[in-house]
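Visitor: I should like to understand how the descriptive terms for this model are justified. Please set each value against its definition.

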Amino acid sequence: MNEIALDIRPDEDHETGAHPIFADAPRSVEFNKLRKRLIRLTREAIDKFGMVKPGERWLVALSGGKDSYGLLALLLDLKWRGLLPVELLACNLDQGQPNFPKHILPEFLTGLGVPHRIEYRDTYSIVTDKLPEGATYCSLCSRLRRGHLYRIAREEGCSALVLGHHRDDSLETFFMNLFHGGKLAAMPPRLLNDEGDVEVLRPLIYCAEEDLARFAEAMAFPIIPCDLCGSQEGLERNAMKAMLNDIEKRMPGRKDVMIRALGNINPSHMLDPRLFDFAGLAGLRNTGD
């Protein structure tokens, strides 16, 4: 069921001064600014949320989409610079989706000398069997995928599962919870799974989806589209994405303000007595006696 590839070529390309994944990257000033911005924001998240414990091993989830490719490239860049003292193991979970090109990721990773594990688990059949035609598959598909990735992390001795969720993903989740769930919650940068043995890390939490898309295009990553959920229309997340993009178009910079707001919370100005003792205010009132 599994394919493990651990043949590692040198992590450094001394002639180009970069990890081999950047061997064919553009040499333009514009691309260098983009790369530096993504590196800076990724490093900020890693440092601010205390993600790194030197010597640990991270399982980097690689779907074949622009975000996970960008995640891998940025982590390899940080590691090459000596700023990420952890071992990286890339992992793709082949979920049995129709027409999935099984050769692309193994060839890509092997060519770069990146340690990786490819595993096949037919969750596609489970999802399509359990849900009626036309239903949104994302939630069930995600839960099944996450469970397998936790298991693989344990088997590989990895302390953390690293995901490519970015700024826009977190904001979309926040507004989905606000509009449909009646709660204030977003994608956290770091959390512990229910079993308490594997952390989930999101180092791209400050990175803009637009920047990651431009980065992936410039790097010419071999993108693999999702034929399972990517073809579904009318998803709630798509509505949130459209709303946020409209806000950003009319008021540039709002997404950055909003993501920073999620880390600047004033409990006394919200409505949750679990976070602030509103009842206790009566005892602090100045009665004038």
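Visitor: Which residues of helix 1 are called buried, and what makes a residue buried?

Guide: Buried means under 20% relative accessible area, exposed over 50%, and partly exposed in between (1.4 Å probe, protein chains only). In helix 1, the residues F31, L34, R35, L38, I39, L41, T42, A45 and I46 are buried. Seen down the axis of helix 1, these buried residues fall within an arc of 165°, so they line one face of the helix; the arc is that of the directions from the helix axis to the C-beta atoms. On the other side of helix 1, V29, K33, K36, D47 and K48 are exposed.

The model is a predicted one, in which local features need pLDDT of at least 70 and side-chain atom pairs count only at pLDDT 80 or more, while totals for chains, interfaces and linings use all residues. Residues are numbered from 1 along each chain as its sequence is written, and side-chain values use heavy atoms, with hydrogens and water left out.

Visitor: What covers the buried residues of helix 1?

Guide: The cover includes helix 2 (66-80), helix 7 (209-219) and helix 9 (254-261), where contact means heavy atoms within 4.5 Å. Helices are DSSP runs (H or I, at least four residues), numbered from the N terminus.

Visitor: Why is the pairing of D67 and K66 called a salt bridge?

Guide: A salt bridge is a side-chain nitrogen of Lys or Arg within 4 Å of a carboxyl oxygen of Asp or Glu. The N to O distance between K66 and D67 is 3.3 Å, so the pair satisfies the rule. By this rule the count comes to 28 salt bridges.

Visitor: Why is D67 called buried, and why is K66 called partly exposed?

Guide: D67 has 17% relative accessibility and therefore counts as buried. K66, at 23%, therefore counts as partly exposed.

Visitor: How do you know that R190 and E199 form a salt bridge?

Guide: The closest N and O atoms of R190 and E199 are 2.4 Å apart, so the pair meets the cut-off. R190 is partly exposed at 31% relative accessibility, whereas E199 is buried at 17%.

Visitor: Where do D246 and R250 lie, and why is R250 called exposed?

Guide: Both residues lie in helix 8 (residues 236-250), four residues apart, about one turn of the helix. Their side chains meet in a salt bridge of 3.1 Å, N to O. R250 has a relative accessible area of 54% and is therefore exposed, while D246, at 38%, is partly exposed.

Note on methods: Helix = DSSP H or I, 4+ residues; strand = E, 2+ residues; numbered from the N terminus.
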